[in-house]
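Q: I'm new to reading protein models and would like a close look at a single part of this one. Start with one spot on the outside, then walk me through how the rest fits around that picture.

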Amino acid sequence: MKQFKCLWFCLIFIGCISCQNTVDKKLAPKATKFNSNKPLITKEVTEKEKLSAYGFFKLPLANLEPTEQVFLYDLNTPLFSNYAFKKRFIYLPGESKVGYKNSGIMDFENGSILIKNFYYPEDFRKPEQEKKILETRLLIKENNQWKPLNYIWNEEQTEALLNYIGKEKLVKWIDEEGIKQTVSYSIPNLNQCKNCHAKGKDIVPIGPTAAQWNKIYILNISNKNQLDYFHEQGILKELIEPDLRPKLPAWDNALVPVADRAKAYLNSNCAHCHNVEGSAKNSGLYLSYNENNSRKRGIFKPPIAAGKGSGDFIYDIVPGHPDQSILVFRMKSNDPSIRMPEIGRSIEHTEAIVLLEQYIEELARNN
């Protein structure tokens, strides 16, 4: 009888511990109480349930007005995301600065956070008026590693909450031609974030490079170069001479040659996966701006795995024949099993497709 009682108490004790562990795993991370506009982050960053708890922006939150240590930046050729507008910021803790690198991602110290807000103006002809923010993505550097987090905004536009599983949202707007548009906007889950930001086994940022930052800093109503401005403000530790800095062309700048604009677009929209260390490395299709091997760029290159995604075409790019090129076929498709990029769009980027068709047409004339 004593042995039975002992066994019974042991089972109860083990069960209590098991239940406690289960409850702890299901609890959402608690937000720090927020009573000021001053950033609450130190170099030991922990994820928070509410975006406001980080203190990146002054209240009301939807104005996206940065607090101290939060800096707005822009890119020459951004990623297309179903025509969504974006506002990008960097949070730098304490006395941290960004280390300049001529190639690759800038050197960020631990505790640095990249902040990207996705929104749609109600009327694209009046982008500074009414808007709806859908999500804010963070990349947090801790222990020399980058961690992605995503926050979904509420309908009242007063707060954004931590989300791991993604969400679909119906968005409506009036485009620059005055035409009403609608799209089912997909907010990615955490695994999808990791897929695009993979470099080997690591998670890395994509946008903050010298080539992308090398532009006039119009966001600050300034005629200064963005890199020079950041250096003057003490955000960048050092900087090299202007003539030695790389620059990615703006894909929509009609004064730039078509080939350069097309390569810049592919660099920003495809090369984060299509490079030797990206998630699409096994495809053999490498679309970084400085890739000089024409076959690796897709010219007369057959796909590694033919099938539905190839559209029964033979090569990724056929000079002079965009209608026979797998690259254009997949960029025109909205079928989730065919389209490229796989994540981040569900409608065609019409203007970019026109550019890429021109690029492929020109390849025949230039070779």
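A: Take isoleucine 218: its relative accessibility is 55%, and because exposed means over 50%, this residue counts as exposed. Keep in mind that we're looking at a predicted model. Isoleucine 218 sits in the loop that runs between α3 and α4, the latter being residues 226–232. It also has company out there: Ile216, Ile218 and Leu219 make up a nonpolar patch on the surface, and together they have about 270 Å² of accessible area. For scale, the accessible surface of the protein chain is about 20000 Å², and carbon and sulfur atoms hold 53% of that.

Now follow α3 from that loop to a helix it helps to cover. Helix α5 covers residues 258–269, and its buried residues are Val258, Arg261, Ala262, Ala264, Tyr265, Leu266, Ser268 and Asn269. Their cover includes α3 (210–213), along with α6 (326–332) and α7 (350–366). An α-helix has 3.6 residues a turn, so residues three or four places apart point the same way. You can check the length of α5 too: with twelve residues at 1.5 Å each, it should span 16 Å, and its end C-alpha atoms are indeed 16 Å apart.

For a contrast with isoleucine 218, try valine 183, in strand β8 (residues 180–187). Valine 183 has a relative accessible area of 3%, so it's buried. Apart from its neighbours within four places in sequence, valine 183 touches Asn82, Tyr120, Lys169, Leu170, Val171, Trp173, Ser346 and Ile347. Tyrosine 83 is 100 residues from valine 183 in sequence, yet their C-alpha atoms are 9.5 Å apart in space.

Not every loop residue is out in the open like isoleucine 218. Serine 52 is also in a loop, this one between α1 (2–26) and β1 (70–73). But serine 52 has 10% relative accessibility, so it counts as buried. Its side chain makes a polar contact, at 2.5 Å, with the side chain of glutamate 159.

Stepping back, the protein chain has seven helices and ten strands. Of its 367 residues, 45% are buried. And among contacts with a separation of 6 or more, 51% come from residues 24 or more positions apart.

Terms used. Residues numbered from 1 in each chain as written. Predicted model: local features only at pLDDT ≥ 70, side-chain atom pairs only at ≥ 80, totals over all residues. Heavy atoms only, no water. Helix = DSSP H or I, 4+ residues; strand = E, 2+ residues; numbered from the N terminus. Expected span 1.5 Å × (residues − 1). Buried < 20%, exposed > 50% of the residue type's maximum accessible area, 1.4 Å probe, protein only. Contact = heavy atoms within 4.5 Å. Polar contact = N/O pair within 3.5 Å; in protein donor to acceptor, adjacent residues only side chain to side chain. Patch = residues over 30% accessible without salt bridge, like charges linked within 9 Å, V, L, I, M, F, W, Y side chains within 5 Å. Areas by Shrake-Rupley, 256 points an atom, 1.4 Å probe, with all protein chains shown as cover. Salt bridge = Lys/Arg side-chain N within 4 Å of Asp/Glu carboxyl O.
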